[in-house]
Amino acid sequence: MKREVVITGLGAVTPLGVGARTLHERWIAGASGIEDGEGVCTEFDPTDFLSVKEVRRADRFTQFALVASDEALAEAGWADELPYEASRIGSIIGTGIGGIGTLTHNHQVLLEEGPKKVSPLSIPLMMGNAGSGAVAMRHKLKGPSFAPLSACAAGAHAIGEAVGLIESGRADAVVAGGSEASLVPLARAAFAALDALSDSGISRPFDARRDGFVMGEGAAVLVIEDAEKARERGANVLGYVRGYGATTDAYHLTAPDKEGAGAAEAMRIALADANLEPADVVYINAHGTSTPLNDRAETKALKTVLGDVAHMIPVSSTKSAIGHLLGAAGAVETTATILALRDRIAPPTLGYEEEEEGLDLDYVPGKARPLEIDGKRPIALSNAFGFGGHNAVLCLEAA
Amino acid sequence: MATAVTPEAVEKVVYDALPQFGADPSDISREATFEDLDVDSLDLAELSQIIEDEFGVQLKGDDVGQIKTVGDAIDLVVKRAE
């Protein structure tokens with residue numbers, strides 16, 4: 001039998017502010033972190049949390065991960081001392097793009113000032129695994145560490161793979177999450193060239209008027225532990241990762257399978273892994289990007305998997321409040337989902353007003369409402385799908 | 001045109017550079033070790049770049065491995081320029 005896996009710490013830096021609970025409270029209050037068509041972490045100042053040296057040694061995406069990891073470890077009670085042997089604790093921080101700000105800055109230096117002016121820190125800061133390495137170094141975690149690079153599914157893959165390490169006995173705990181800081185002209189232009197970005201600058205997932213995603217930045221990091229070991233040390237358990245489903249569309253580099261087949265299969269696998277049925281699910285935190293294709297395919301996938309109960313389960317998208325955090329999204333949304341389940345509240349899909357034919361689920365329009373679970377367990381699915389056809393779904397339960 | 005390499009000129013450039021790497025200005029002296037200042041190999045790679053830019057003197061990996069104190073670094077740059 002596989003080992004049970006618990007969540008004991010949450011940390012986040014998002015366009016709604018610094019802190020996991022800041023994200024949760026502001027989202028359920030209906031606040032939006034999107035301004036002028038982008039979700040920027042305007043309240044984040046790295047020097048509030050990191051030394052001059054730490055700031056210099058970290059791209060913005062790594063800075064987000066470090067600050068989120070401090071919050072998560074403090075909540076888990078790990079701030080002063082690691083509860084397990086360091087070699088039994090891993091660090092998995094996913095990202096979509098990594099340190100693209102460092103890359104583009106140094107490329108500009110190369111072109112304008114020549115190769116001798118390119119910073120020796122360029123590669124160690126831009127590499128996609130910089131977040132995972134820096135988090136491990138900061139907290140002296142010596143178990144397995146790496147970075148899933150699976151576009152907008154990376155944060156969910158990080159958590160799913162962390163669970164796998166614990167379930168299989170290869171680690172006792174993992175600090176896992178996702179981080180992204182790609183609000184630079186090159187990434188903006190490139191996403192715009194793909195026609196993926198919203199022209200209106202409004203993130204309104206599932207709404208008939210949706211016209212693309214809104215870029216966002218930030219990170220979330222979770223402390224995930226072997227349940228038995230966490231209980232032995234008297235940890236405060238916030239929730240459980242009950243199941244993980246990962247599949248691939250193998251269909252198109254950027255577009256989802258039109259019927260959402262790969263996404264549906266990932267949800268099915270996550271539920272089966274959790275030993276649960278569709279009727280056990282009380283909330284869905286959708287990938288919900290606000291792109292015409294995703295929201296249609298995801299709705300189809302949800303109907304395929306959930307069948308008769310699909311219309312009874314509230315489905316909302318965190319991206320309506322903060323935009324699309326790409327490789328951080330899966331981790332940020334897992335964090336938001338656990339806190340929503342704990343408070344028995346269905347957070348809203350902000351800006352949702354106009355129904356499109358066929359997109360007829362309960363998207364929790366406009367404002368949060370109490371989550372009626374009618375004696376059921378507080379169980380949710382959190383979906384994350386990425387360019388490349390990657391699908392990662394987590395089945396979560398609040399403690 | 002590179003700046004003339006005098007011990008004073010090199011010292012000024014090095015002293016000005018170190019705080020960017022997080023060193024406390026009040027701890028910086030010729031006798032201070034890079035270890036004490038928490039200046040590591042990546043910082044020294046950046047310092048080498050600054051020195052080359054300012055004085056046209058190249059420090060190689062082997063050189064950097066030899067120097068322990070701020071004074072060592074200054075002396076090495078002056079020696080290399082001779």
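1. Let's start with one residue pair: A:Glu180 of strand β7(A) has A:Gly218 as its bridge partner in β8(A). That pair belongs to a longer run, since β7(A) and β8(A) lie antiparallel and are joined by eight bridges. Please keep in mind as you read on that this is a predicted model.

2. On to the other neighbour of the strand. Strand β5 of chain A, residues 89-94, pairs with β7(A) in the parallel sense, with six bridges between them. To find your place on screen, look for A:Ser91, which stands opposite A:Val175 of β7(A).

3. Is β7(A) mostly covered or mostly open? Mostly covered: eight of its eight residues are buried. Its two faces can be read off separately, with A:Ala173, A:Val175, A:Gly177 and A:Ser179 buried on one side. On the other side, A:Val174, A:Ala176, A:Gly178 and A:Glu180 are buried too. A:Glu180, the residue you met above as the partner of A:Gly218, is thus a buried member of that second face.

4. Now step back to the whole chain. Chain A holds 13 helices and 15 strands, and 57% of its 399 residues are buried. Its C-alpha atoms fill a box of roughly 65 × 50 × 40 Å along the principal axes. A compact globule of 399 residues would have a radius of gyration near 21 Å, so the 19 Å of chain A agrees with that expectation. Among contacts with a separation of 6 or more in chain A, 81% are between residues 24 or more positions apart.

5. How is chain A divided? Domain 1 covers 5-239 and domain 2 covers 243-398. The contact between them draws 65 residues from domain 1 of chain A and 63 residues from domain 2 of chain A. The centres of these two domains, taken over C-alpha atoms, are 21 Å apart.

6. Which elements build the domain 1 side of that contact? β1 (5-14), α1 (20-28), β4 (38-39), α7 (154-167), β7 (173-180) and β8 (218-226) of chain A each supply at least two residues. The largest share, eight residues, comes from α7(A). By class, this side of domain 1 has 34 nonpolar, 23 polar and eight charged residues. The paired strands β7 and β8 from the opening point are therefore worth a second look here, as both appear among the contributors.

7. Finally, the second chain. Eight residues of chain B are in contact with eight residues of chain A. The chain B side of this contact has three nonpolar, two polar and three charged residues.

Notes: Residues are numbered from 1 along each chain as its sequence is written. Chains are lettered from A and ligands numbered from 1 in the order in which they are written. This is a predicted model: local features need pLDDT of at least 70, side-chain atom pairs count only at pLDDT 80 or more; totals for chains, interfaces and linings use all residues. Two residues are in contact if their C-beta atoms, placed from the backbone, lie within 7 Å. Ala, Val, Leu, Ile, Met, Phe, Trp, Tyr, Cys and Pro count as nonpolar, Asp, Glu, Lys and Arg as charged, and the others, Gly among them, as polar. Domain bounds come from an automatic or database domain assignment. Helices (H or I, at least four residues) and strands (E, at least two) are DSSP runs, numbered from the N terminus. The radius of gyration is taken over C-alpha atoms; the globule rule is 2.2 Å times the number of residues to the power 0.38. A residue is buried if 20 or more other C-beta atoms lie within 10 Å of its own, exposed if 12 or fewer, and partly exposed in between; C-beta atoms are placed from the backbone. Two strands pair if DSSP finds at least two bridges between them.
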